[in-house]
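This briefing gathers the side-chain pairings, strand partners and helix faces that can be read from the structure shown below. Please keep the sequence at hand while going through the points.

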Amino acid sequence: MEENNLQCSSVVDGNFEEVPRETAIQFKPPLYRQRYQFVKNLVDQHEPKKVADLGCGDTSLLRLLKVNPCIELLVGVDINEDKLRWRGDSLAPFMGDFLKPRDLNLTIILYHGSVVERDSRLLGFDLITCIELIEHLDSGDLARFPEVVFGYLSPSMIVISTPNSEFNPLFPSVTLRDSDHKFEWTRMEFQTWALYVANRYDYSVEFTGVGEPPAGAENVGYCTQIGIFQKNRGKATEAYVSEQHDQHVYKAVFTTSYPSLQQERFFKLVLVNEVSQQVESLRVSHLPRRKEQDGEQGDKPKDIGGSKAPVPCFGPVFTEVEKAKIENSPKPFCVGDKFFVPLQRLLAYPRLNRLCANEEMMRSVIADSIPLSSDGSAVVTDLCNYFDEQFEF
């Protein structure tokens with residue numbers, strides 16, 4: 001079967017009547033949110049590092065996906081440059097992103113361009129989404145779409161959603177749901193096209209959807225039909241090797257990068273803050289014991305760690321395994337009016353252990369920001385300070 005014939009034969013009869021604002025069926029959550037949440041659930045499941053949304057529109061899906069910790073590169077492509085410029089700032093990091101940096105770097109880029117143009121900057125992606133996109137393509141662009149997205153870009157996974165025209169009779173006076181739609185397919189038409197494309201470009205495809213029909217109309221299927229395409233592995237495929245050199249046809253209209261623990265300055269900021277908070281928590285929790293012990297041991301080191309990890313009134317709750325690790329680590333101690341917290345003790349706390357692999361790493365990062373003992377094995381601070389006296393610890 002010729003691909004062009006397959007595509008053109010499914011175009012609805014040229015009636016582009018716009019959907020009325022008021023409809024008899026209302027979806028909860030709204031249908032667009034169900035579509036975006038469907039993609040987010042897939043991202044949570046498969047943890048792609050590089051994700052692109054073709055036809056990203058107002059960037060709503062990108063804003064939802066940017067919080068996923070697995071994503072390191074998030075790209076949006078759209079033909080409407082003004083909309084991309086207008087919505088770009090909503091993707092920039094906020095103050096909270098600097099106060100609590102991500103674990104991994106994240107770069108977000110918005111490109112102005114057509115989804116049927118080849119741009120080598122979109123090669124090698126783990127996931128490409130096309131949400132309510134293909135129905136806006138004319139027959140010529142629809143013919144080129146699989147060649148570019150499946151053949152040239154060839155990501156590991158592609159998600160395509162499109163209206164299910166069998167659902168349309170449930171809406172009042174609806175021929176096409178949007179005046180810009182060039183066609184809307186039945187389930188059979190979409191699946192025939194999708195299976196043909198999947199077979200040609202060596203993908204498997206599964207079908208599902210969002211927007212369940214009302215009771216009694218289950219036979220029409222989901223309001224939005226979705227195809228999930230996954231690249232077959234371990235099998236030789238036709239590759240566009242000769243064409244995969246640098247082709248930069250898209251225009252970058254917005255780029256931003258998020259602070260992360262992979263960046264030295266933010267890693268240091270977070271680690272110094274975490275160490276300072278933990279040392280202060282330990283210091284304050286041991287002040288009452290210090291007062292009880294005053295005068296008993298002179299200036300000899302006083303082990304004030306107790307037999308158990310201190311339990312704060314608020315903050316993290318430790319598992320039994322974590323508690324045991326803390327209790328078995330070197331305990332804080334005092335020499336005179338100085339309070340010492342061994343780095344090994346700090347590394348026993350889960351949040352600090354996640355940040356630092358070992359004592360040497362912690363010492364090298366905090367040494368010029370936090371006072372250390374002469375041998376560098378412990379953080380040193382005054383046991384008492386002005387605020388303790390004010391609040392009479």
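Lys 40 is buried, with a relative accessible area of 16%, and in this predicted model its side chain forms a salt bridge with Asp 44, the closest N and O atoms being 3.4 Å apart. The points that follow take up this pair and other salt bridges, then strand 5 with its neighbours, and finally helix 7.

**Salt bridges**

- A search of the whole structure finds 16 salt bridges, and the pair of Lys 40 and Asp 44 is one in which a buried lysine meets a partly exposed aspartate, the relative accessible area of Asp 44 being 40%.
- Lys 40 and Asp 44 both belong to helix 2 (residues 31-46), where they are four residues apart and therefore separated by about one helical turn.
- An α-helix has 3.6 residues a turn, so residues three or four places apart point the same way.
- In helix 8 (residues 264-293), Arg 283 and Glu 280 are three residues apart, which again means a separation of about one helical turn, and their side chains meet in a salt bridge with an N to O distance of 2.9 Å.
- Of these two partners in helix 8, Arg 283 is buried with a relative accessible area of 1%, whereas Glu 280 is partly exposed with a relative accessible area of 35%.
- Elsewhere, Glu 81, Arg 85 and Lys 251 are joined into one network by salt bridges that share partners.
- A further salt bridge links the side chains of Asp 119 and Arg 121, at 2.8 Å from N to O; here the acidic partner, Asp 119, counts as buried at 1% relative accessibility, while Arg 121 counts as partly exposed at 25%.

**Strand 5 and its pairing partners**

- Strand 5 (residues 157-163) is largely enclosed by the rest of the structure, because seven of its seven residues are buried.
- Met 157, Val 159, Ser 161 and Pro 163 point one way from strand 5, and Ile 158, Ile 160 and Thr 162 point the other way, with all of them buried.
- Strand 4 (residues 127-131) pairs with strand 5 in the parallel sense over five bridges, and within this pairing Thr 129 stands opposite Val 159.
- To get from strand 4 to strand 5 the chain passes through helix 6, and this β-α-β crossover is right-handed.
- Strand 5 also pairs with strand 7 (residues 224-231), in this case in the antiparallel sense and over seven bridges, with Ile 160 standing opposite Gly 227 of strand 7.

**Glu 132 and its contacts with strand 5**

- Glu 132 has its place in the loop between strand 4 and helix 6, and at 17% relative accessibility it counts as buried, since the cut-off for that class is under 20%.
- The side chain of Glu 132 is joined to that of Ser 161 by a polar contact of 2.7 Å.
- A polar atom of the Glu 132 side chain also lies 3.2 Å from the backbone nitrogen of Thr 162, and Ser 161 and Thr 162 are among the residues that point opposite ways from strand 5.

**Helix 7 and Pro 146 of helix 6**

- Helix 7 (residues 187-200) has 14 residues and reaches 20 Å from its first C-alpha to its last, which is close to the 20 Å expected at 1.5 Å a residue.
- The buried residues of helix 7 are Phe 190, Trp 193, Ala 194, Val 197 and Ala 198, and they lie on the same side of the helix because they cover an arc of only 130 degrees around the axis.
- The face of helix 7 turned away from this buried side carries the exposed residues Met 188 and Asn 199.
- After helix 7 comes Asp 202, whose phi is positive, near 65 degrees.
- Pro 146 is found in helix 6 (residues 139-153) and counts as buried, at 0% relative accessibility.
- Pro 146 and Ala 198 are 52 residues apart along the chain, and their C-alpha atoms are separated by 9.2 Å; Ala 198 is itself one of the buried residues of helix 7.

Note on methods
Residues numbered from 1 in each chain as written. Predicted model: local features only at pLDDT ≥ 70, side-chain atom pairs only at ≥ 80, totals over all residues. Heavy atoms only, no water. Helix = DSSP H or I, 4+ residues; strand = E, 2+ residues; numbered from the N terminus. Expected span 1.5 Å × (residues − 1). Buried < 20%, exposed > 50% of the residue type's maximum accessible area, 1.4 Å probe, protein only. Arc of directions from axis to C-beta. Pairing = 2+ DSSP bridges. Right-handed = clockwise from strand over helix to strand, strands pointing away. Salt bridge = Lys/Arg side-chain N within 4 Å of Asp/Glu carboxyl O. Polar contact = N/O pair within 3.5 Å; in protein donor to acceptor, adjacent residues only side chain to side chain.
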